[in-house]
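Here is a friendly walk through a structure you can turn around on your own screen. Keep the view open while you read, and look up each residue as it comes along.

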Amino acid sequence: MNRINHRLRVLQVLFIALMIALGSYFVYSVAKYGKQWSHSAYNTRTKSGYDLVIQGSVYDRNGTEIAWSDAPNTRLYSDDEVLRLSMAHILGDRYGMMSGALQDRYANTLFGNERSLLSRFTESVENDLLTGDSIRLTIDGEIQKHAYNAMNGRSGAAVVLNYKTGEVIASVSLPTFDTLNLTAEDTQNMPDGTFINKVTRGLYPPGSTFKVITAVSLLENCDNCDALHFDCLGENIVDGVSVNCFHGTVHGDLDLNSAFARSCNGAFAYWAVHDLGVRNITKTAEAFGFNRNFVFSDYTINNSTFDAYGGNADLAWSAVGQGQTMVTPMHAAMIVSAIANNGNMCEPRYLRGIESVDKGFIETAPKVYANVMSQETAERITEMMLGVVENGTGSGCKISGVRICGKTGTAEVADEAPHAWFVGFIDEEETPYAIAVILENAGTGSSVAVPVARSILEKCIEVRP
Amino acid sequence: MEETKTKKKTLTNGLIFAITLFILVSYTLLSLRNGSIDYTAMLFSLACVALVLVQYLLFRFVFVNADLQVMIIVSMLTNIGLALQYRFDSQTAVKQLIWYGISLAVMFMIMIIMPRMRNLKRFGFVCGILGVLLLGITIVIGTEINGSTNWIVIKGFSIQPSEPAKILMILLLAGSLAKHQQIRRLFPTGIIVGIAMILLVLQKDLGATLLYFCTAVLMLYLGTGNFSVTALAFLLGAIGAAVSYVLFSHVRVRVFAWLNPWEDPLGRGYQLVQSLIAISSGGLFGMGLGMGEAATYLPQHESDFIFSSICEEYGQIIGLCVAAFYIVLIFRGCILALRSRGRFDSILCFGIVSILAIQTFINIGGVVKLIPLTGVTLPFVSYGGSSMLTSFALIGMLQALSIKAGEADEQNQS
Amino acid sequence: MSALKYSLLAKFVSVVFAALVIYVLFGTIRNVLIEYKGIRKKIRESGSGNIIGYAALTDEWQDEDAWRPIYDETVFGSSPECAFRITGHGLKGQHFRITRGKDRFFIERLCMKSDLLMVNEHDVRRKERIRSGCKVYAGDAEILITLMDGWNGRD
């Protein structure tokens, strides 16, 4: 009998252990995957729950209403067509062509699910429908419209950040669509890239704008940067690799500052191979966020990649922003924001705060993503970028009386016209704005991107959002 | 000792009160669902409360040595299930209520008769043959429902013979394991169990097959203590499972749906995907009784997938509590097996616990994607007359053994 | 009641449900654990250690319920403190004791030499070895013993 009892105890423990394992698996899988499951496309529930709610509104930072509802299951948008077109990618569309746009991300807020049960119940006693909370964006409608117009229908992206707080002042992606008048058929006939927010999801070769990173890397790793020196012959050979400057322009004798201002490919390729090495440059790039997983609350951003381990040729071209390097316009703006902000890279956000029905305006706090370099280095590279605008490739961006720093880029694309880049910032206390502009297959940075950026920055100085 | 007894008794009263409150609140809420007040719901709730109170009184004053805690657990589970059934369809809920009443009556009958039956263990073999016959009947006159042919339909009532056959099988196993210790003598039993399992496989009732198999193997271990033989039997079963995977397409479908439900979410994986969605949609506190949508999207939401429905409407917390209730039931049952005197009683008690435990594990495990889906119901909670009847019969036997053990303890004291 | 009001009411009631169910769950767990501790005590009080066999009065051996367990050390006698209480003429308060060695079982005399204590027609002097199926005569009571070293068909 005793033996049976002993075995009974063993089996008892076995059963209990099995059931506890079951319970743990249940808790674990629901905790980890529950959100994914309920957000699955095959779940028709979330939508039906919304039949009783009037979705909250979306405002820009100044309180202009961009999207709102006056009844369940209908969504109205601003009469201002330019505003609508420029905001389309931020808001999202109703056919699910865009994933993860703000109205989806904040669906819970807009549908009032974050309000307390009590307040919802009290409201239901009086009315038959609930109101959701509204959200206020960081976007300034005026600047947004201006940026849209400045791009003048050309494909690409433009983004303006407040580098002290990380707020996204403007974010435009072209080609775009009209949220108000979009029909199901339209979704099939739009040009490529209409439903992608290129600011956060568009990956492009950075071209010469990457020289900012290379320069920072040189400043950090070289003992005596002032002694760096290169004689540019237009068509240069660096370690057996041919590195040409744009259009074969002969730059002559250059030091670090002048090479940067003139955007000499040969110089930077040479210094990268001889004075930096692939490890150092990769380290700097990764400190700035390349090859890292960005996980931000407001949006999904594609990761930027930098990989120069393919030998000297790879390193040489990667140092000037070609090779396998890819970056998003948002990340480019983040990089110059860090430079402008003493080496502190803020997390860009679209949400300024939530207008709660019950609790009023709840502001979102700025967050620093990382400290990517020392203040000294930041100051030095700022001066170099100032040089680009004062007497270099970015001179088209000069605005009198204002310190504008920047870097142009002309990213070569195989068999097509190059992408035109400009990244930069206003180095003034009262107008702390950083900008990144890219126009696809449009030509050189200095001739095409710079005027667009200048126009937008002028507007920013005027409006001071 | 006296003080703890009174402390416990007050607590028991409180527990019964809580269950009663739960019943009243849930049906009151349900009665408000459609515009005008649904008075049938209120009547229903009174009927449920009456059943619970009658049980409690009988346990307290008549069946003193029976296990009150088990009764509380079973009542709570059944009523959680009943309220949900009513929310789905008041007609089926009424049917379920009738089955509940019948099952309780059967349970009490067993509790009266079984402690007096001295020679139950001699009838093991007979039970076994009966069981095989029951399973065999469906091959001859069975109807196919939901992919398995193990139902018999008489005048609109469908019954599953594989359910009562479970009871007969553990009687067989307990009887022969109590009598024989040598493996040789256990062969006839093994053959009968084997035949039963083959019959089940032929009827495509995979869940029952798994259930019978695991119970038999565990009881074998308990009876003989022979690790190698048990491992061998287990291995045979595993081989059988592998063979069935190769031979039968419906097994392959189930396994595929278990591994990659999201790759075929509208076809093979539909049920599992909807189950997972239902579970996660509920959140911690559920969508609210009556607000869930499982009824529209999840087939068998009231029987096999009742656990998902519980998570969706009552919430994941209550879902976890339901699982916890079963754990306590298992624990209690094993203690009872330890208390029982005599090999037959102990082994039989364990068999009962084993069936309930394995059935629960297979059901919840399938619904949560821990193991492939099989067609077993969740005892007490799922809709199903045969399921409820069998589960209560098993509990009745458990209580009978508790009574026996209690009376023997008393005798020993004197 | 409007759909909106019902949905909010249902959500509120969900919390009530959770509270009730958790209360019942924890109450049951508490009870089960309390009783569990009590049962362990019961086993300890009725005899130390593990069950090593069963004993019953010879004239009751047919009755399954008459067989009571005996443990590693079980005292037989008429006193209520005995683990195995037998009444009868000539039985002392603590008459004899059954104990376990490594894998043998022993009967020990606890009463005076003048009191009757025999195993299978053999008188017990002080400590004797016993086997399963033996009959113990104590006073005018006759007790059948079955032990773990072999089954004699009884249980």
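Just after H13(B), B:Gly315 takes up a positive phi of about 110°. This comes from a predicted model, so please read every value below as computed from that model. The helix just before that glycine is a good place to start, and the other topics follow from there.

**Helix H13 of chain B and its partner**

- Helix H13 of chain B spans residues 306-313, and 8 of its 8 residues are buried, so the helix is largely enclosed by the rest of the structure.
- The buried residues of H13(B) include the nonpolar-looking stretch ends B:Ile306 and B:Phe307, and B:Glu312 and B:Glu313 are buried there as well.- H3(B), which covers residues 68-88, crosses H13(B) at roughly 85°, and the two axes come within 11 Å.
- With that crossing angle, H3(B) and H13(B) are therefore roughly perpendicular to each other.
- On the H3(B) side the contact is made by B:Ile80, B:Leu84, B:Gln85, B:Arg87 and B:Phe88, while H13(B) brings B:Ile306, B:Ser309, B:Ile310 and B:Glu313.
- Sorted by type, the residues of this contact between H3(B) and H13(B) are 5 nonpolar, 2 polar and 2 charged.

**Helices H8 and H9 of chain B**

- H8(B) runs over residues 206-224 and H9(B) over residues 227-247; they pack at an angle of about 170°, with their axes 9 Å apart.
- H8(B) and H9(B) are therefore roughly antiparallel to each other.
- H8(B) makes the contact through B:Phe213, B:Val217, B:Leu220 and B:Tyr221, and H9(B) through B:Phe227, B:Val229, B:Thr230, B:Ala233, B:Phe234 and B:Gly237.
- The contact of H8(B) with H9(B) has 8 nonpolar residues, 2 polar ones and no charged ones.

**Nonpolar cores**

- In soluble globular proteins, nonpolar side chains tend to be buried together.
- The largest nonpolar core here has 159 residues, and B:Tyr314, B:Leu348 and B:Phe380 have the most contacts inside it.
- Helix H14 of chain B, residues 316-339, gives the most to this core, with 17 residues.
- Beyond its neighbours up to four places away in sequence, B:Leu348 touches B:Met114, B:Ile170, B:Leu171, B:Ala174, B:Met397 and B:Leu401.
- There is also a second, separate core of 93 residues, which includes A:Ile66, A:Ala215, A:Leu386 and A:Ile438.

**A buried glycine in chain B**

- B:Gly124 lies in helix H5 of chain B, residues 124-141, and counts as buried because its relative accessibility is 4%.
- Leaving out neighbours within four places in sequence, B:Gly124 is in contact with B:Leu171 and B:Leu172.
- B:Gly124 and B:Leu173 are 49 residues apart in sequence, yet their C-alpha atoms are 7.0 Å apart in space.

**A buried threonine in chain A**

- You will find A:Thr325 in the loop between helix H14 (312-319) and helix H15 (329-340) of chain A.
- A:Thr325 has 0% relative accessibility, so it counts as buried.
- Its side chain reaches the backbone oxygen of A:Gln322 at 3.2 Å.
- Apart from neighbours within four places in sequence, A:Thr325 is in contact with A:Tyr204, A:Pro205, A:Pro206, A:Phe210, A:Phe290, A:Thr305, A:Phe306 and A:Ser318.

**Backbone features to check**

- Most residues other than glycine have a negative phi, and most peptide bonds are trans.
- A:Asn291 is not a glycine, but has a positive phi of about 60°.
- A:Asn291 sits in the loop between helix H13 (278-287) and H14 of chain A, and at 36% relative accessibility it counts as partly exposed.
- B:Lys369, another residue other than glycine, has a positive phi near 75°; it lies in the loop between helix H15 (343-367) and helix H16 (385-413) of chain B.
- The peptide bond from A:Leu174 to A:Pro175 is cis, with omega near 0°.
- A:Pro175 belongs to the loop between strand S8 (168-174) and helix H8 (186-189) of chain A.

**Chain C**

- Chain C has 1 helix and 10 strands, and along the sequence the helix is followed by the strands, in the pattern α-β-β-β-β-β-β-β-β-β-β.
- Of the 155 residues in chain C, 45% are buried.
- Taking contacts in chain C between residues at least 6 apart in sequence, 34% join residues at least 24 apart.
- C:Asp115 is in the loop between strand S5 (105-109) and strand S6 (117-119) of chain C, and with 12% relative accessibility it counts as buried.
- Not counting residues up to four places away in sequence, C:Asp115 touches C:Lys92, C:His95 and C:Arg109.

Methods: Residues numbered from 1 in each chain as written. Chains lettered and ligands numbered in written order. Predicted model: local features only at pLDDT ≥ 70, side-chain atom pairs only at ≥ 80, totals over all residues. Heavy atoms only, no water. Buried < 20%, exposed > 50% of the residue type's maximum accessible area, 1.4 Å probe, protein only. Helix = DSSP H or I, 4+ residues; strand = E, 2+ residues; numbered from the N terminus. Axes fitted to C-alpha atoms, helices over the stretch in contact; angles between N-to-C directions. Parallel < 35°, antiparallel > 145°, perpendicular 65-115°, else oblique. Contact = heavy atoms within 4.5 Å. Nonpolar A, V, L, I, M, F, W, Y, C, P; charged D, E, K, R; others polar. Polar contact = N/O pair within 3.5 Å; in protein donor to acceptor, adjacent residues only side chain to side chain. Core = buried A, V, L, I, M, F, W, Y, C linked by side-chain atoms within 4.5 Å.
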